[in-house]
Amino acid sequence: EKKPCPLCPEEKFKACYSHKLHRHLQNLHWKVSVEFEGYRMCICHLPCRPVKPNLIGDQTFSKMGAHYHCIICSATITRRTDMIGHINRHVNKGETESRFITVPAPKSSHEVLKESATDVQVLPNYSTPQKTDSYFNPKMKLNRQLIFCALAVLAEERKPIECLDAFGATGIMGLQWAKHLRSSVKVTINDCNENSVTMIHENCHLNKMKVKLNTKEDDNDEAMRDGEENTDTIEVTKMDANVIMHLRSFDFIHLDPFGTSVNYLDSAFRNVRNLGIVSLTSTDISSLYAKAQHVALRHYGCNIVRTEYYKELAARIVIAAVTRAAARCNKGIEVLLAVALEHFVLVVVRVLRGPSPADDSAKKIRYLIHCQWCEERIFQKEGNMVEENPYQQLPCDCHGSMPGKTAVVLGPLWSGALFNTGFLRRMLFEAVQYGLDEAQPLLKTLVCEAECTTLKHFSTHSPYDENKQEECGVYIKTPNTSAESYLVHRKRKSDEVIRNAAKRQKSENSAEHPAFYYNIHRHSIKGMNMPKLNKFLNYLSEAGYRVSRTHFDPMGVRTNAPLAQFKTILMKYSTPTYAGGQAEGPVHLTEDVQAGEQVQAAADCKAEDDEFLEDDKSGVAVAMFTKDYPTHCAAD
């Protein structure tokens, strides 16, 4: 049933349904109201206070202005500041009794949303941080599922674990942890806003959870009225995130502030337990994605520019900040997961206590040399010695053929791996077990990206025994692991284990996935039709290079092939367009491919084509090759 607004004329706001009317009252009337002794004087748009008439032609219009009604006297006041001063004058005179019969405003009905079998109440405008105290973003569902899978993996290693959601808002994330993992976790939800803490209490009772506050359990009868007794208890705290992380120790900490999270990293690593996990979600994508470069320099201390691999660059910027914060607390990190999507950058790291892991992690922070012409990139060599010509480190020769300075130094950035294959496989197993459908495709892509293989070769079974999962030289306990195959956390490793860990790290570095990726559209050839992306991945794999797709870019290719060879193979398997093949004749490279690269590419192409034609006995390939490249064949 449609209802009109009681504070607006019908010609200004027509009758509408209750949800739209509720949103209208909240935004237009309630937000600018004046409160006095439990009552609110909302702004009124009805024609009860005429303003000065305006003469337009022969007609006179009497315009009605927005105003407030004083609850003590019958005055109508236009401005909110004047209304507050008017009420203060009544208070100073001792006039606090209302002359009108007023009725308390009814309590607003909250909207209830459901996600992953968890119900949460949200305030109006819950998706707009500037207009609500309890922010809830439905677009971050994938982010919450990834964090839940990481926590589920850690819960399998040791039980029970103490986990903290430092920025609770509605409490949806902590409620999902407690509801699905139950006795395996001890959940603490924190928020510094009083309205958010109240909303978290209501959501805990809505999901039949006990609330523990100030070491006293609040056994509310409403929490148990509809279901059987539930022993799950959630601790809700109201304090600054830095304070609670300084006061208490946790096994799992998640940081999801509004904007950057660098202000909370020192506190997070101060008391986190050994082999614990710290996950952080950064939503300041304008600075991380190089739209506000001065902000990135101010927050992260990194010099960046907009590149084709800007999303991976953002993930490495955040990990570098995390590494420096952990090193200040004599802790090292191992990156388990790094995801950069449209709305957020998620980083999950495992904490390794001790100065040696801290030193090893700090050594992986290096600068990046980026060519602005061809977008080739390479990390600077280790060491402190100054080189005469840093351009020699780049595989391209743009500096020799182009005038001026062609490269920039970006960073400092994290130069190590972004994924841990074993951890990702266990996350995928937990996602399947708990039915998290949205996270499963992304986790499969991440596993392929970590192993640098295509999805065609993806298998659910790991090439090594998952029960003897090892990360950073430390054996991780899994349900089927015997007592001799893992080390209990918080105990020092023996010298033999440390030596074996060093050997294993050397072998792991050789199999580490390549850094960064190339966008196939960015390096396409003008007037040529590119091959399909999956076919192009097969061509690169047949040429002997490691190759995979990447979640950072749907048209990105992660490979260890140099850019010149990447363009050579792309040109070889591209076909001329219909109009271009008739008019242009020979195949031309893009402008940024230099003359030296063209000669090398032609030589490589000729050698590979000779082998291909020699193996093919049917003659079909000869006809196809002659049709696609008539000029090259004639020249050869």
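This report walks through two helices and a group of strands in a predicted model.

**Helix 2**

A good place to begin is helix 2, which covers residues 80-92. With 13 residues at 1.5 Å a residue, helix 2 should span 18 Å, and its end C-alpha atoms are 19 Å apart, which agrees. Which residues of helix 2 are buried? They are M83, H86, I87 and H90. These residues cover an arc of only 95° around the axis, so they sit on the same side of helix 2. The spacing fits a general rule: an α-helix has 3.6 residues a turn, so residues three or four places apart point the same way. Turn to the other side of helix 2 and you will find T81 and N92, which are exposed.

What do the buried residues of helix 2 pack against? Their neighbours are strand 1 (34-36), strand 2 (39-41), strand 5 (68-69) and strand 6 (76-77). After helix 2 comes G94, with a positive phi near 85°.

**Strand 10 and its partners**

Next, have a look at strand 10, residues 185-190. Five of its six residues are buried, so strand 10 is largely enclosed by the rest of the structure. Strand 10 pairs in the parallel sense with strand 9 (residues 161-165), and it also runs parallel to strand 13 (residues 233-237). The table sets out the two pairings.

| Partner of strand 10 | Bridges | Residues facing each other |
|---|---|---|
| Strand 9 | five bridges | D165 and I189 |
| Strand 13 | four bridges | V187 and I234 |

How do strand 9 and strand 10 fit together with helix 4 (residues 172-181)? Along with that helix, the two strands make a right-handed β-α-β unit.

**Helix 16**

Further along the chain you will meet helix 16, residues 533-542, where L533, F536, L537 and L540 are buried. Seen down the axis of helix 16, these buried residues fall within an arc of 105°, so they line one face of the helix. That face packs against strand 25 (547-549), strand 26 (556-559) and helix 17 (563-572).

Which residue with a positive phi follows helix 16? It is G544, whose phi is near 100°.

**Looking back**

To recap, the buried residues of helix 2 lie on the same side because their arc is only 95°, and those of helix 16 line one face because they fall within 105°. Strand 10, with five of its six residues buried, pairs with strand 9 over five bridges and is joined to strand 13 by four.

Technical notes. Residues are numbered from 1 along each chain as its sequence is written. This is a predicted model: local features need pLDDT of at least 70, side-chain atom pairs count only at pLDDT 80 or more; totals for chains, interfaces and linings use all residues. Side-chain values use heavy atoms; hydrogens and water are left out. Buried means under 20% relative accessible area, exposed over 50%, partly exposed in between (1.4 Å probe, protein chains only). The arc is that of the directions from the helix axis to the C-beta atoms. Contact means heavy atoms within 4.5 Å. Two strands pair if DSSP finds at least two bridges between them. A crossover is right-handed if, with the strands pointing away from the viewer, the path from the first strand over the helix to the second runs clockwise. The expected span of a helix is 1.5 Å times one less than its number of residues.
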